[in-house]
Amino acid sequence: MAEAAVSAAASTPSVSAPAPLPARAVLPWALFVALLALVALYFVGAEQGATSVFAGETVHEWVHDGRHLLGFPCH
């Protein structure tokens, strides 16, 4: 019985740990995601009135429900 356990343990492949990602590879993607998040936050939170990039109420209507969901006042 002990021989079967030893042979089964010996036949299982070893799993190596994944290589760590260098910061130089992750940093551009992290900055890109942060920029996209800031743009989305601007359009949901501040795209109306004096700071408006686009004229009219189109963007406001597209993000209206998200604005209320995140707690931004708009009325």
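Helices (H or I, at least four residues) and strands (E, at least two) are DSSP runs, numbered from the N terminus. With that in hand, Leu-36 can be placed in helix α2 (residues 23–45).

The model shown here is predicted: local features need pLDDT of at least 70, side-chain atom pairs count only at pLDDT 80 or more, and totals for chains, interfaces and linings use all residues. Residues are numbered from 1 along each chain as its sequence is written, and side-chain values use heavy atoms, with hydrogens and water left out.

**View 1. The whole chain has 4 helices and 0 strands.** Read along the sequence, the pattern is α-α-α-α. The chain has 75 residues, and 11% of them count as buried; here buried means under 20% relative accessible area, exposed means over 50%, and partly exposed is in between (1.4 Å probe, protein chains only). The accessible surface comes to about 6400 Å², with 73% of it belonging to carbon and sulfur atoms. These areas come from the Shrake-Rupley method with a 1.4 Å probe, and for residues only the protein chains shown count as cover. Among the contacts in the chain with a separation of 6 or more, 20% are between residues 24 or more positions apart; a contact means heavy atoms within 4.5 Å.

**View 2. Confidence in the chain is lowest in helix α1 and highest in α2.** The score is pLDDT, the predictor's confidence in each residue, from 0 to 100. Its average over the chain is 82, and 84% of the residues score at least 70. Helix α1 (residues 2–11) has a mean of 58, while α2 reaches 92. A friendly word of care: where pLDDT is low, the predicted coordinates should not be read in detail.

**View 3. A nonpolar patch on the surface is formed by Trp-29, Phe-32, Val-33 and Leu-36.** Together these residues have about 460 Å² of accessible area. Patches are made of residues with over 30% relative accessible area and no salt bridge; like charges are joined within 9 Å, and nonpolar side chains (Val, Leu, Ile, Met, Phe, Trp, Tyr) within 5 Å. A salt bridge, for this purpose, is a side-chain nitrogen of Lys or Arg within 4 Å of a carboxyl oxygen of Asp or Glu. Leu-36 is partly exposed because its relative accessible area is 47%.

**View 4. The whole structure holds 3 aromatic pairs.** One of them joins Trp-29 and Phe-32 edge-to-face, 6.3 Å centre to centre with 85 degrees between the planes. Rings of Phe, Tyr and Trp (its six-membered ring) pair if their centres lie within 6.5 Å; planes under 30 degrees apart count as stacked, over 60 as edge-to-face and the rest as tilted. Trp-29 and Phe-32 are 3 residues apart in helix α2, so about one helical turn separates them. Trp-29 is exposed, at 60% relative accessible area, and Phe-32 is partly exposed, at 43%.

**View 5. Phe-43 and Phe-54 form a stacked aromatic pair.** Their rings are 6.0 Å apart, centre to centre, with 20 degrees between the planes. The pair links distant parts of the chain, 11 residues apart: Phe-43 is in helix α2, and Phe-54 is in the loop between α2 and α3. Phe-43 counts as partly exposed at 24% relative accessibility, and Phe-54 counts as partly exposed at 45%. Tyr-42 joins Phe-43 and Phe-54 in one aromatic cluster.

**View 6. His-60 is found in helix α3.** With a relative accessible area of 6%, His-60 is buried. Leaving aside neighbours within four places in sequence, His-60 is in contact with Gln-48, Arg-67 and Cys-74. Thr-58 also has its place in helix α3 (residues 58–62), and at 51% relative accessibility Thr-58 counts as exposed. From C-alpha to C-alpha, Thr-58 and Gln-48 are 9.8 Å apart in space, and they are 10 residues apart in sequence.

**View 7. His-64 and His-75 touch each other.** His-64 lies in helix α4 (residues 64–69), whereas His-75 lies in the segment after α4. Is each one buried or exposed? His-64 counts as buried, at 15% relative accessibility, and His-75 counts as exposed, at 79%. Leaving aside neighbours within four places in sequence, His-64 is in contact with Cys-74 and His-75. On the same basis, His-75 touches His-64 and His-68.
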